[in-house]
Amino acid sequence: MARAAVPGRLTWRVGRLAEARAETPTARTLVLDVPGWPGHLPGQHVDVRLTADDGYSTQRSYSIAAPADGERVELTIQAVPEGEVSPYLTEVFSPGDPVEVRGPVGGWFVWRPAAMDPVLLVAGGSGIVPLMAMIRARRAAGSRVPFRLIYSVRTPGDVYYGDELRRRARDDAGLDVTFAYTREVPEGWPHPPRRIGVADVNTNGWPPALTPDCYVCGPTGFVEAVADILVALGHEPRRLRTERFGPTGG
Amino acid sequence: MGIVSPGFHGRPRASGVTLPPGQYLTEDFPVLSAGPTPRVPMDRWEFVITTETSREHRWTWADLMALPSDTPTVDIHCVTKWSKLGTSWQGVSLDTLMSDVDTAADYALVHSYGGYTTNLPLADLLDGQAWVAYRFDGEDLHPEHGGPARLLVPHLYFWKSAKWVRGIQLRFDDEPGFWETAGYHDYGDPWREQRYQGD
């Protein structure tokens, strides 16, 4: 596989919540100010460490939702029922509150704005987060590389960044966005809810002959299914990068 | 002690369980992979140890099944923060596979079907510390967890336990593998929290 170097030592930094936005009733975007943040590539993630007042601490990893922008680090967190960390970050954590972060982490599931090959992004649920960073980075860098996003969600209410995605699909030349719904479709949708299949990927992705870079992110079962479809359609396994969310997290 | 996040309490502290720093306990078995899951036809599966003098030692699937196996029960720790305790495996000890291999190498570069690699000192594969595992929890190892066979080196972060293992290259020098080249630690001891380069 290709090599990607991310040198240097990663230190813990103290970030503070600058602002927060609700994406859905259970998902929240956190904009952190992290003095000394070294920047990152779209697709990378951060480690977050929370410490309670008795000294107990725990860590989680979260994908970064937006491209590098000075000392700002934007995360979108899905509240996991019974989770230890995500309910705190989505419901309790308030502007001005501190949290420790270190990163960026991960040198493989990244898109570099200088890349020239077409890109296929396939997101399942909250797997949209690192892919959204790529879509935003593409526009910010003025890249003309054609992007296609297939975004699978359970219901229309589960879509993150819905207005922005529809606006970008209209305004960002060369970006196509296709939604897929697995449990409930919007009014007037041409077919009932269904899992993403070979036909969806074939119709809304790129032909293998164009040698696209494929990024697939979502729950394990979703990623396994989509990656198998892409390989079966003839995409080179080495051009297929995956990021899986385990059944736990929280 | 780190910076306190106001209002964060965390889960009730588990008593009697000590995890490596920064890890949390899970009952599930999450998956971490960089690409699609390779499907390896069993009649073409082989495992190869290549020495520093390019001598090759090969096992077919039938060869591997004919070797004596162990059933280790071990704790595993993933760099993505989850730990899973008391996991049951079946596999062939690297001590068995290395018994006829003549080498003066200090390092091993592990190769997988699909192109994944990971590096570790040879000493960490020996003395009952590592297996080529093909059963988990009493069942054949599922492809998404590395089946038909994966390396199992539970005392290091789990990315060292290469899924879909196809061979081990013995070397005098320490050649970084896939995640190690992408910023992860060369050794990866969870108890010293060696997640990333420089830790």
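Start by selecting residues 1-6 of chain A, where pLDDT stays under 50; pLDDT is the predictor's confidence in each residue, from 0 to 100. For this stretch the model has 15 contacts beyond four places in sequence, a contact being two residues whose C-beta atoms, placed from the backbone, lie within 7 Å. Where pLDDT is low, the predicted coordinates should not be read in detail. This is a predicted model, in which local features need pLDDT of at least 70, side-chain atom pairs count only at pLDDT 80 or more, and totals for chains, interfaces and linings use all residues. Residues are numbered from 1 along each chain as its sequence is written, while chains are lettered from A and ligands numbered from 1 in the order in which they are written.

**Stop 1: chain A**

Now select chain A. Its mean pLDDT is 92, and 95% of its residues reach 70 or more. Colour by secondary structure to find five helices and eleven strands; these are DSSP runs, numbered from the N terminus, with helices (H or I) of at least four residues and strands (E) of at least two. Turn the chain around: its C-alpha trace spans about 55 × 40 × 30 Å along the principal axes. Of the 250 residues, 48% are buried, meaning that 20 or more other C-beta atoms lie within 10 Å of their own, whereas exposed means 12 or fewer and partly exposed is in between, with C-beta atoms placed from the backbone.

**Stop 2: two domains**

Give domain 1 (13-105) and domain 2 (119-245) of chain A separate colours; the bounds come from an automatic or database domain assignment. Their centres, taken over C-alpha atoms, are separated by 24 Å. How many residues of domain 1 of chain A are in contact with domain 2 of chain A? Twelve are, and they meet 14 residues of domain 2. To see this side of domain 1, select strand S1 (13-24) and strand S5 (72-78) of chain A, which each supply at least two of its residues.

**Stop 3: where the chains meet**

Show both chains. Here 48 residues of chain A are in contact with 38 residues of chain B. Among the elements giving two or more residues to chain A's side are helix H1 (86-92), strand S6 (98-105) and helix H5 (220-232) of chain A. That side has 22 nonpolar, 13 polar and 13 charged residues. In this grouping Ala, Val, Leu, Ile, Met, Phe, Trp, Tyr, Cys and Pro count as nonpolar, Asp, Glu, Lys and Arg as charged, and the others, Gly among them, as polar.

**Stop 4: chain B**

Hide chain A. Chain B has three helices and eleven strands, and 41% of its 199 residues count as buried. Next, select residues 35-179 of chain B, covered by the UniProt annotation "domain: Oxidoreductase molybdopterin-binding" from an unreviewed entry. UniProt positions are given in the numbering used here, feature names are shortened, and annotations may be inferred rather than shown by experiment. Over residues 35-179 of chain B, the chain is 8% helix and 39% strand, with its end C-alpha atoms 12 Å apart.

**Stop 5: two residues to click**

Click Thr18(B), in the segment before strand S1 (24-25) of chain B. Is Thr18(B) buried or exposed? Thr18(B) is exposed because it has 7 other C-beta atoms within 10 Å. Draw a C-alpha to C-alpha distance from Thr18(B) to Thr118(B): 27 Å in space, for 100 residues in sequence.

Finish at Asp43(B), in the loop between S1 and strand S2 (46-50) of chain B. Asp43(B) is exposed too, with 8 other C-beta atoms within 10 Å.
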